Amino acid sequence: MIERGSGVAVWRQIENSLAEEIASGAIRAGEQLATELQLAQRFRVNRHTIRRAVATLVERGLLRVEQGRGTFVQDNAIDYAISKRTRFSQNMASQNLSSDIDVLASDTVPANAELAELLQVVVGEPLLRIKTLSRVELRVVDWATLFFPAARFPGLPEIYRRERSVTRALAHFGVDDYTRRFTRVSARLPDSETVDYLGLPKNRPVLHVKSLNVDTQGRPVQYGITCFNGDLVQLVMEDL
């Protein structure tokens, strides 16, 4: 019940009430929260008050907003193993989770000094750039920009679109195995592109991961920059 004049802001009382319902299981993990209008009617307040309470619960990580779908109780975070052989589909399958990858766009760009050094190519040499969006249990968990040496992997974007797997796509070029040379993780606020793809508020930090994969001869095959939704994913470092 809302106690007006109690000295505790009404929106804070609503926040605490909903948080208690989540903690008790009255509102289950993954369940969709009632709409703003329904909550406003329930608590007999205006929608702005509800919006503030819900926004605070999102900031606390108890709720998540999925653009076009609504507000949901946050599930337990998905473990994403980072190891010498990091494989997205295998990661999810090991947890009995369904997953899929969409190719958002692909093009060819000249290697700048940083990318040339990482991928061991000449500055200005063409690189294949592929942007992807990954879903687990139909929820967007990350988006990535991947770079590959174009001369070594001609036609890779089309193969990747068909295979929906870096591992299977590289196998078409005789790369039967590859390992992680490095993984660098940081937390940062999302840019506008990340906000759009992950459906996050601008003030919600994401896990920003840079990684380099090499073949069995140590030749770089892929450099990637991935932004993970930190509300949905926790990175687990294994045998690096």
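In this predicted model, the side chains of R28 and E31 meet in a salt bridge, with 4.0 Å from N to O. The two partners differ in how much of their surface is open, because R28 is exposed, with a relative accessible area of 56%, while E31 is partly exposed at 27%. This pair belongs to a wider topic, since the count for the model comes to 16 salt bridges, and the points below take up some of these pairs before turning to the domains and the nonpolar cores.

**Salt bridges between separate elements**

- A salt bridge also joins the side chains of E36 and R51, where the distance from N to O is 2.9 Å. E36 lies in helix α2 (residues 36-43) and R51 lies in helix α3 (residues 47-59), so this pair ties together parts that are 15 residues apart in sequence.
- Both partners of this pair count as partly exposed, because E36 has a relative accessible area of 24% and R51 has a relative accessibility of 42%.
- The side chains of D215 and R152 meet in a salt bridge at 2.8 Å, again from N to O. D215 is part of strand β8 (residues 206-215), whereas R152 sits in the loop between β6 and α6 (156-163), so the pair ties together parts that are 63 residues apart in sequence.
- Is D215 buried or exposed? D215 is buried, because its relative accessible area is 5%, which is under the 20% limit for that word. Its partner R152 is partly exposed, with a relative accessible area of 23%.
- Salt bridges can also join into a network, and one such network links D100, D102, R135 and R164.

**Two domains and the contact between them**

- The protein is divided into domain 1, which covers residues 10-73, and domain 2, which covers residues 78-236. Their C-alpha centres lie 34 Å apart, and the contact takes eight residues from domain 1 and seven residues from domain 2.
- The area buried between domain 1 and domain 2 is about 590 Å², and carbon and sulfur atoms give 43% of that area. On the side of domain 1, the residues E59, R64 and Q67 supply 59% of the area that this domain buries against domain 2, which is more than any other three residues.
- How many salt bridges are counted between domain 1 and domain 2? The count between these two domains is zero.
- An unreviewed UniProt entry places the feature "domain: HTH gntR-type" at residues 8-76. Over residues 8-76 the chain is 52% helix and 12% strand, and the C-alpha atoms at the two ends are 30 Å apart.

**Nonpolar cores**

- In soluble globular proteins, nonpolar side chains tend to be buried together.
- The largest nonpolar core in this model has 30 residues, and those that touch the most other members are F148, F153, Y160 and L170. Strand β6 (residues 139-149) gives the most to this core, with four residues.
- Leaving aside residues up to four places away in sequence, F148 touches L127, L128, I130, F153, L156, V166, L170, V221 and Q222.
- Apart from the largest core lies another core of 17 residues, and its members include I27, L33, F43 and V54.

Definitions and conventions. Residues are numbered from 1 along each chain as its sequence is written. This is a predicted model: local features need pLDDT of at least 70, side-chain atom pairs count only at pLDDT 80 or more; totals for chains, interfaces and linings use all residues. Side-chain values use heavy atoms; hydrogens and water are left out. UniProt positions are given in the numbering used here, feature names are shortened, and annotations may be inferred rather than shown by experiment. A nonpolar core is a set of buried Ala, Val, Leu, Ile, Met, Phe, Trp, Tyr and Cys residues joined through side-chain atoms within 4.5 Å. Buried means under 20% relative accessible area, exposed over 50%, partly exposed in between (1.4 Å probe, protein chains only). Contact means heavy atoms within 4.5 Å. Domain bounds come from an automatic or database domain assignment. Buried area is the accessible area (1.4 Å probe) that two parts lose on being put together, summed over both.
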